[in-house]
Every structure is written in C-alpha cells, then in structure tokens.
Amino acid sequence: MKIADYAKHLLLAPNLEDKLVPPPKHWEEDGETKSLRIEKPGRSLHLQFSDKKVKIPRLEHLNSESNRGLTLHHFANHELMAIELFAWALLAFPDAPKSIRNGWIKTIEEEQVHFRMYLNRMNDFGVQIGDIPLNYIFWKQLGQFQTLESFSAVMSLSFEGANLDYSQVYAKVFSFFDDHITSDIMVYIFEDEIKHVKRGVRAFEKSIPNEKNSWEHYLSLIHFPFTPRRAKGYLFFPETRYLAGLDANFVKQLADYEDEYTGRVNLESVKKFGLGSELMRKNRLDSHSIQP
Ligand SMILES: [Fe+2]
Ligand SMILES: [Fe+2]
C-alpha cells in the first residue's frame with residue numbers, strides 16, 4: 001500500500017473500524033508529491049462533528065463510573081481526531097523529511113492503541129462512542145496548518161503538550177478514587193505522548209531562525225485566538241516538557257504564560273485533591289496491569 005492511500009483511507013472512510021486499521025509494515029513507493037488538504041473527515045452518522053457544548057465531568061465527580069466513562073469519551077474523541085489529523089499531515093506535507101513522515105505514521109499507530117484503550121474502558125462503564133456529541137476542537141485549527149512547523153506547533157507542542165499535564169492529573173485523580181486500571185491507562189498513554197511531543201519538537205526545531213529562540217519561534221507559528229494557554233493544562237508539570245526535549249527557556253515561558261482565557265475554576269477544584277507535583281510513570285505499573 002502507498003502512504004497516501006492509507007492516509008486517505010483513515011481520513012475518508014466513514015466507520016470507526018476504518019480509522020483503526022493499523023499502518024502496514026511495508027509501503028509501496030508513493031510517487032505523489034502534490035499536497036492534498038482535505039477539509040473534513042468522512043464520519044458515519046454517530047461520529048459526526050457537533051457544535052453542542054458538552055462539559056467534561058468535574059474531577060470531584062469521578063467517583064461515579066458513568067462520569068469516568070464520559071470523561072474517557074472526551075479523551076477518545078481527541079485520539080480519533082489525532083489519528084485523522086496525522087493522516088491529514090501525511091497528505092498535506094508530502095515533501096516533509098522521511099524521518100518526520102515516519103514519525104507521524106508511528107504516532108497514528110499509537111493513537112489507534114490509545115483510542116482502543118479508552119473505548120474498552122468507557123465501555124466497561126456503560127458508555128459507547130457517540131453517546132455524547134463529538135466536538136472537533138483539533139479540526140477547527142486547520143487554517144493554522146500552513147506548514148509542517150505550524151502543524152507541529154499546534155498539534156504536538158500545544159495539544160499533545162497539554163495532554164502531558166492532563167494525563168498526569170487524571171492518572172492521579174483516578175488513582176485517588178481507587179480506579180487503578182483507568183489510572184494505569186492514563187500513565188501508559190502519558191509515556192507515549194512524551195514521544196509524540198518529542199517528534200513535534202524535532203519537526204519544529206529545525207526551522208528556528210538564528211535570531212529567534214524556540215519560544216519566539218513557537219509564538220510566530222501560532223495565531224490568535226489560539227494562544228500558548230492551549231499548550232498546558234490547568235496544572236502544569238514542567239518536568240514533562242523536559243522529558244519531551246523542550247529547552248529551559250521555553251518551559252519557563254510556558255509556565256509563566258497567562259492570558260484572559262486562563263481558567264481558575266478547575267484549578268481550584270484540582271487543589272482539593274492535593275495531587276502533588278511528582279510524576280506518575282510507567283515503570284511503577286506492576287506486571288498484571290494493562291496491555292494495549
Ligand atoms: Fe494519544
Ligand atoms: Fe499523541
């Protein structure tokens with residue numbers, strides 16, 4: 001199979017099973033170098049984009065299984081969009097270096113695993129995909145993806161970066177409520193997402209001009225109303241960004257960044273749990289725990 005045909009299949013075929021077809025081990029030569037920017041993915045009826053606002057359950061309500069299932073539905077939706085958008089990037093940037101394109105393929109494979117992990121676990125809690133409306137927050141940024149650097153700045157340094165914070169918060173809160181299976185899933189995904197942000201850093205750092213530092217370059221690649229606020233959670237774990245290969249100045253600037261959209265509500269609610277700043281890592285998972 002050719003990479004372009006595989007990417008088109010993930011993007012345009014409507015059913016979930018189509019989006020979860022893993023990448024083949026061997027590729028035929030593509031030969032195609034024309035950039036293709038697909039505006040919207042194919043989605044079956046129950047996977048359609050929705051503008052309805054659905055709030056993610058509050059952390060203090062995650063003692064209930066249905067709220068845990070609904071929370072995982074939100075996360076599964078992010079994974080689905082990531083699968084599609086990394087496929088989108090393969091089609092939009094056919095001239096990107098091979099190492100970066102291979103990284104996107106690896107990321108797709110891992111996002112598919114994450115999607116299945118969330119799906120299986122939310123099913124345990126009685127929630128099916130499509131039970132609540134699916135937002136399209138990542139797809140809304142399509143206008144920003146002019147270059148592979150801006151794509152990486154938004155998708156990897158920002159959205160996947162923020163996910164490093166959120167996966168830590170949720171790993172800790174699920175564990176607080178004694179749901180160690182779901183907590184372990186969050187830690188497993190956290191470890192993969194470090195690699196994803198790292199791939200984004202590699203795609204982005206090559207283009208930093210001499211007169212700019214990485215933070216200034218990042219700011220030049222994202223466009224209002226998208227701001228660096230999207231690159232972190234309401235709790236920020238700076239160590240996670242070092243693990244992903246970001247430099248000290250970038251991490252400090254991101255830590256200090258605030259704008260009028262900075263939320264306080266969740267931060268107050270998260271404080272009640274006294275989560276601490278120590279990271280939960282995969283090497284603490286014992287042998288019986290989750291397999292993808
Ligand atoms: Fe993921
Ligand atoms: Fe990811």
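The protein chain folds into 10 helices and 0 strands, in a model that is predicted. Reading from the N terminus, the elements run α-α-α-α-α-α-α-α-α-α. The radius of gyration is 19 Å, close to the 19 Å that the globule rule gives for 292 residues, so the chain is as compact as a globular protein of that length. Laid along its principal axes, the C-alpha trace spans about 55 × 45 × 40 Å. Of the 292 residues, 39% count as buried. As for who touches whom, take the contacts between residues at least 6 apart in sequence: 83% of them join residues at least 24 apart.

Next come the helix pairs. Two packed helices are described by the angle between their axes and the distance between the axes. Helix H3 covers residues 65-92 and helix H4 covers residues 98-124; the two pack at an angle of about 160 degrees, with their axes 8 Å apart. That angle makes H3 roughly antiparallel to H4, the cut-off for this label being over 145 degrees. The crossing of H3 past H4 is left-handed. Sorted by class, the residues in the contact of H3 with H4 come to 16 nonpolar, 5 polar and 4 charged.

H4 also packs against H6, the helix of residues 180-205. Here the axes come within 10 Å and cross at roughly 165 degrees, so H4 and H6 are again roughly antiparallel to each other. Their crossing is left-handed. On the H4 side, the contact is made by Ile100, Gly103, Thr107, Glu110, His114, Met117 and Arg121. Facing them from H6 are Thr182, Ile185, Ile189, Asp192, His196, Arg199 and Ala203. By class, the residues of this contact of H4 with H6 divide into 5 nonpolar, 5 polar and 4 charged.

H6 has another partner in helix H5, which runs over residues 148-176. The axes of H5 and H6 come within 8 Å and cross at roughly 160 degrees. H5 and H6 are therefore roughly antiparallel to each other, and H5 passes H6 in a left-handed crossing. In the contact of H5 with H6 there are 17 nonpolar, 12 polar and 4 charged residues.

The loop between H5 and H6 holds Asp178. This residue has a positive phi of about 65 degrees although it is not a glycine. Is Asp178 buried or exposed? Asp178 is exposed, with 8 other C-beta atoms within 10 Å; 12 or fewer is what earns a residue that label.

Further along, in H6 itself, sits Lys195. Lys195 has 16 C-beta neighbours inside 10 Å, so it counts as partly exposed. Lys195 also pairs up across a long stretch of chain with Thr107: the two are 88 residues apart in sequence and 8.5 Å apart in space, C-alpha to C-alpha. Thr107 is one of the H4 residues in the contact with H6.

After H6, the next stop is helix H7, made of residues 214-221, where Ser214 lies. Ser214 is partly exposed, with 18 other C-beta atoms within 10 Å. Which residues does Ser214 contact, leaving aside its neighbours within four places in sequence? They are Glu205, Ile208, Asp247 and Phe250. The C-alpha atoms of Ser214 and Phe204 are separated by 8.8 Å, with the two residues 10 apart along the chain.

Beyond H7 comes a backbone oddity. The peptide bond from Phe224 to Pro225 is cis, with omega near 5 degrees. Pro225 has its place in the loop between H7 and helix H8, the latter spanning 238-243.

Back towards the N terminus, Lys40 is found in the loop between H3 and helix H2, which spans 16-19. With 12 C-beta neighbours inside 10 Å, Lys40 counts as exposed. How far apart are the C-alpha atoms of Lys40 and Val169? They are separated by 31 Å, for residues that lie 129 apart along the chain.

Terms used:
Residues are numbered from 1 along each chain as its sequence is written. Chains are lettered from A and ligands numbered from 1 in the order in which they are written. This is a predicted model: local features need pLDDT of at least 70, side-chain atom pairs count only at pLDDT 80 or more; totals for chains, interfaces and linings use all residues. Axes are lines fitted to C-alpha atoms, for helices over the stretch in contact, and angles run from 0 to 180 degrees between N-to-C directions. Helices (H or I, at least four residues) and strands (E, at least two) are DSSP runs, numbered from the N terminus. Angles under 35 degrees count as roughly parallel, over 145 as roughly antiparallel, 65 to 115 as roughly perpendicular and the rest as oblique. A crossing is left-handed if the near helix is turned anticlockwise from the far one by less than a right angle, and right-handed if clockwise. Ala, Val, Leu, Ile, Met, Phe, Trp, Tyr, Cys and Pro count as nonpolar, Asp, Glu, Lys and Arg as charged, and the others, Gly among them, as polar. A residue is buried if 20 or more other C-beta atoms lie within 10 Å of its own, exposed if 12 or fewer, and partly exposed in between; C-beta atoms are placed from the backbone. Two residues are in contact if their C-beta atoms, placed from the backbone, lie within 7 Å. The radius of gyration is taken over C-alpha atoms; the globule rule is 2.2 Å times the number of residues to the power 0.38.
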